[in-house]
Each structure stands twice: as structure tokens, then as C-alpha cells.
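Good morning, colleagues. I should like to take a few minutes to discuss charged pairs and one helix in the structure now coming up on the screen.

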Amino acid sequence: MKKLLFIIPLGLSLTALSCANNNEEAIEENTIQQASTIHEDVEVNRFAELVSKEDGQILDVRTPEEWEEGIIKGATKMNFFDKDFNSQLEKLDKTKPVYVYCKSGGRSGKAAKQLEKMGFTSVYNLLGGMIAWEGAGKESLK
């Protein structure tokens, strides 16, 4: 009986240590992945500055009806609500910055997080979306 009282706590301690080590490894792996990705929510003027460099990919994740209201010059259109949206994102170059926007920033924020999970190295989300862009007097193509 004394042996059993000793063995049970020992087994529980070893199990707890094992779980802690696995958790630490998972946290470390996640930290390394996050460190290799830049994901920023940026204001209109910073977004305009970034897209003017022409070194990345501008991504409009609005609907076709919204595109008719105007788009940012050079934007690739991918409807956030399409069933194959994630497959469409795979067509983008993961090594080049992605400048993503929508109407008000909600869908593009979700898309930016998805791009980050998919391993894109630099993702910039336009805060306030096209509403903020046009409100700041920035040019859009109709």
C-alpha cells in the first residue's frame, strides 16, 4: 500500500512535466513563426505610402458589387465570401508584401490573419478600408 501511495503521485508528476514540455515546444514554435511574419494594421496615409512602392501585391477582398464603386489602382480582386477564397490566396506570392483592404476593415483584417497563418511574410491591413481611403481623398479607379 505504501508503494502505491508513492507511485501514484510520481506518475502524476511525470505526466504534468511531459505536458509542460510539449506546451513549451508548441509556444516556442508559434513564436518563431510569428517572428518571421510582419502583420500590421495601418492608417490610410501609411497604406498609400506602402502601395506606392509597387513592391507588393494589393488585395481587394470586397464583393463584385463593391468593386464597381471603385478600387485602388493595381489591386487584385478576390471576393472574401467565395467558397474557394483560401485557394485564391494561395495564388499570391508569399515572399512579397500583401496590402489588403475591404470596405471598412473587418473582412480585410480576417483575410490578413489568414494570410499570416498561410505563411505570408508581410501583410498590411488598411484600417477603415475603402471608407477611410475615400474619406481621406485618396484616388480610386471606377
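Arg107 and Glu66 are both buried. In this predicted model, their side chains meet in a salt bridge, with 2.9 Å from N to O. The pair links distant parts of the chain, since Arg107 lies in helix α5 (residues 106-117) and Glu66 in helix α3 (residues 64-67), 41 residues apart.

How many salt bridges does a search of the whole structure find? The search finds four. Another of them joins Asp60 to Arg62, whose closest N and O atoms are 2.7 Å apart. Asp60 has 0% relative accessibility and therefore counts as buried. Arg62, at 3% relative accessibility, counts as buried too.

Glu90 and Lys94 also form a salt bridge, and here the closest N and O atoms are 3.8 Å apart. Glu90 is partly exposed, its relative accessible area being 45%. Lys94 has a relative accessibility of 28%, so it counts as partly exposed.

Allow me to turn to helix α2. Which residues of this helix, spanning residues 44-52, are buried? They are Val44, Phe47, Ala48, Leu50 and Val51. These residues lie on the same side of α2 because they cover an arc of only 165 degrees around the axis. As a general point, an α-helix has 3.6 residues a turn, so residues three or four places apart point the same way.

The cover over the buried residues of α2 includes β1 (38-42), β2 (57-60), β4 (98-101), β5 (122-126) and α6 (129-135). On the other side of α2, Asn45 and Ser52 are exposed. Finally, Glu54, just after α2, takes a positive phi of about 55 degrees.

Technical notes:
Residues are numbered from 1 along each chain as its sequence is written. This is a predicted model: local features need pLDDT of at least 70, side-chain atom pairs count only at pLDDT 80 or more; totals for chains, interfaces and linings use all residues. Side-chain values use heavy atoms; hydrogens and water are left out. Buried means under 20% relative accessible area, exposed over 50%, partly exposed in between (1.4 Å probe, protein chains only). Helices (H or I, at least four residues) and strands (E, at least two) are DSSP runs, numbered from the N terminus. The arc is that of the directions from the helix axis to the C-beta atoms. Contact means heavy atoms within 4.5 Å.
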